[in-house]
Amino acid sequence: MERLWMVPSYMILTLIVLGTIGAFTGAVTPFRGFSLVFLGVVTSVVFGIALAGAAAFASATGKSWRPRALRGAILPLIVAIPAFIAVNMSSLPTMNDVSTDLGDRLEFDPELTPLRTSAEPGEEQRAHFDALQQQSYPDLVPIVVALPPDQAFEQAKRAAESLPGWQVTSADAATGRIEATDTSRIFHFVDDVVIRVRPDGAGSRIDMRSRSRDGLGDLGQNARRVRTYFEAVKKSGS
């Protein structure tokens, strides 16, 4: 009987471990692995509430199975409570694409489109995303460096090559365009990056766009990536 109360905990552990290890080893796609972990979290919320309620009922009515219900609720609640707090306290917008130039947005190579699980937004949805970005990430603006475009391009390329998880896939000095991917450590999600260097007065302006291949939200990762990259650019020039 004791084992029956622990079945939800076994299910949750199995989903989280299989999803994480499967994605990390490449046995399943990053999206599939994350989906398994997400299912484990949802399961923990459902059973955490149910088992905690059962334990409360047992306490109020003097049922002998109260200790078993409490033990069964421990793991689901350990997983569910932080997830519930994170979701409800997060002020991050649900978007997966940011750009430092919303008026003359950098475009990705069309060959990347089939690799994505989320479709390119339409005009109305794009306007909505742009408004969200301006409201939530007002600091995402291009940077200007006091270098001619050819030198600024080399500086931008060095910065991209220096970042962990990044792989520069294309660098064209003639057009000032750099393309790269950034792969996450655990689930191996691959996000796409495109960078543009062009003249700006006596110096050069560097723009960047970062987009997730999977999911509709990024938990702020693309915005953090832009900030991290621009910091790397500044350091590589010092």
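Visitor: Why does glutamine 221 count as partly exposed?
Guide: Its relative accessibility is 30%. Buried means under 20% relative accessible area and exposed means over 50%, with partly exposed in between (1.4 Å probe, protein chains only). Glutamine 221 therefore lands in the middle class.

Visitor: Before we go on, what am I looking at?
Guide: This is a predicted model, where local features need pLDDT of at least 70 and side-chain atom pairs count only at pLDDT 80 or more, while totals for chains, interfaces and linings use all residues. Residues are numbered from 1 along each chain as its sequence is written, and side-chain values use heavy atoms, leaving out hydrogens and water.

Visitor: Where is glutamine 221 found?
Guide: In helix α6. Helices here are DSSP runs (H or I, at least four residues), strands are E runs of at least two, and both are numbered from the N terminus. From glutamine 221 to glycine 33 is 18 Å in space, C-alpha to C-alpha, with their positions 188 residues apart in sequence.

Visitor: And what makes lysine 235 exposed?
Guide: Lysine 235 is also placed in α6. At 61% relative accessibility, lysine 235 passes the exposed cut-off, so the label follows.

Visitor: How do you know that arginine 211 is buried?
Guide: Its relative accessibility is just 1%, so arginine 211 counts as buried. You'll find arginine 211 in strand β6 (residues 203-212). Neighbours within four places in sequence aside, its contacts (heavy atoms within 4.5 Å) include Asp97, Phe108, Glu120, Asp191 and Asn222. Across the protein chain, buried residues make up 39% of the 238 residues.

Visitor: Why is α5 called oblique to α6?
Guide: Two packed helices are described by the angle between their axes and the distance between the axes. For α5 (residues 149-162) and α6 (residues 221-236), the axes come within 8 Å and cross at roughly 120°. That makes α5 oblique to α6. The classes are roughly parallel under 35 degrees, roughly antiparallel over 145, roughly perpendicular from 65 to 115, and oblique for the rest. Axes are lines fitted to C-alpha atoms, for helices over the stretch in contact, and angles run from 0 to 180 degrees between N-to-C directions.

Visitor: Which residues make that contact?
Guide: On the α5 side, Gln155, Ala156, Arg158, Ala159, Ala160 and Ser162; on the α6 side, Tyr229, Ala232, Val233 and Ser236. They divide into six nonpolar, three polar and one charged. Nonpolar covers Ala, Val, Leu, Ile, Met, Phe, Trp, Tyr, Cys and Pro; charged covers Asp, Glu, Lys and Arg; the others, Gly among them, are polar.

Visitor: What is the phi of leucine 219?
Guide: Near 55°, a positive value in a residue other than glycine. Most residues other than glycine have a negative phi. Leucine 219 sits in the loop between β6 and α6, and its relative accessible area of 63% makes leucine 219 exposed. Histidine 188, not a glycine either, has a positive phi of about 60°. Histidine 188 lies in the loop between β4 (177-183) and β5 (190-200) and is partly exposed at 29%.

Visitor: How many helices and strands does the protein chain have?
Guide: Six helices and six strands.

Visitor: And what makes the protein chain more spread out than a compact globule?
Guide: Its radius of gyration is 23 Å, well over the 18 Å from the globule rule for 238 residues, so the description fits. The radius is taken over C-alpha atoms, and the rule is 2.2 Å times the number of residues to the power 0.38. The C-alpha atoms fill a box of roughly 80 × 35 × 35 Å along the principal axes.
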